[in-house]
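This briefing covers strand pairing, the nonpolar core and a surface patch. The structure is shown first.

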Amino acid sequence: QVQLVESGGGLVQAGGSLRLSCAASGRPFITYGMGWFRQAPGKEREFVAAISWRGGSTYYVDSVKGRFTISRDNAKKMVFLQMNSLKPEDTAVYYCAAGSFGVDPTKYAYWGQGTQVTVSS
C-alpha cells in the first residue's frame, strides 16, 4: 500500500509558475513509476506527465511540453511537477499517482487526494 499527499497548488496569474509536490509513504516507493494527472470541472481526468521508477524516462502530454517538468527524489520519496508559463487552461485539480509509467490512469494503483491549481487570465 502506498499513500500519496499532494501539495503546492494555489492561485497564480497566467505566465506564472507553481511547483507541485507529492509525498509518498508505505511500500517501497522506488519500485513505482509515477504520474501526474489533472481534472478540470466537467472534464475527464487527463494525463499530464509520467516518470519511470529510476527517473531516467519522462513523458508529457503535448499541451505541457516545454512548460512542465516532472522529477523525483527516491531517497525522500517525493515527486515534483514544476509548472512554468501557466495558462488559464491549466486550471484543474492535479493528482499524483503511483504504479506505472504511461498515460493510462487505470494502470496506476494509488492516487492522492488532489491539489487545486487555478490560473487567472
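The points below are grouped by topic and describe a predicted model.

**Strand pairing**
- Strand β3, residues 18–26, pairs with strand β1, residues 2–7, in the antiparallel sense over 6 bridges.
- Within that pairing, valine 2 has glycine 26 of β3 as its bridge partner.
- β3 also pairs with strand β8, residues 78–83, again antiparallel and over 6 bridges.
- Here leucine 20 is bridged to leucine 81 of β8.

**Nonpolar core**
- The largest nonpolar core comprises 35 residues.
- Leu4, Met34, Trp36, Leu81, Met83 and Tyr94 have the most contacts inside this core.
- Two or more core residues come from each of β1, β3, β4 (34–39), β5 (46–51), β7 (68–73), β8, β9 (92–98) and β11 (115–120).
- Leu81 thus appears twice in this account: as the bridge partner of leucine 20, and among the core residues with the most contacts.

**Surroundings of leucine 4**
- With neighbours within four places in sequence left aside, leucine 4 is in contact with Cys22, Ala23, Ala24 and Met34.
- Its other contacts on that basis are Cys96, Ala97, Ala98, Tyr110, Trp111, Gly112 and Gln113.

**Surface patch**
- Tyr59, Phe101 and Val103 make a nonpolar surface patch of about 280 Å².
- Valine 103 is located in the loop between β9 and β10, the latter spanning 110–111.
- Valine 103 counts as partly exposed because its relative accessibility is 44%, between the 20% and 50% cut-offs.

Methods:
Residues are numbered from 1 along each chain as its sequence is written. This is a predicted model: local features need pLDDT of at least 70, side-chain atom pairs count only at pLDDT 80 or more; totals for chains, interfaces and linings use all residues. Side-chain values use heavy atoms; hydrogens and water are left out. Two strands pair if DSSP finds at least two bridges between them. Helices (H or I, at least four residues) and strands (E, at least two) are DSSP runs, numbered from the N terminus. A nonpolar core is a set of buried Ala, Val, Leu, Ile, Met, Phe, Trp, Tyr and Cys residues joined through side-chain atoms within 4.5 Å. Buried means under 20% relative accessible area, exposed over 50%, partly exposed in between (1.4 Å probe, protein chains only). Contact means heavy atoms within 4.5 Å. Patches are made of residues with over 30% relative accessible area and no salt bridge: like charges are joined within 9 Å, nonpolar side chains (Val, Leu, Ile, Met, Phe, Trp, Tyr) within 5 Å. Accessible areas come from the Shrake-Rupley method with a 1.4 Å probe; for residues, only the protein chains shown count as cover. A salt bridge is a side-chain nitrogen of Lys or Arg within 4 Å of a carboxyl oxygen of Asp or Glu.
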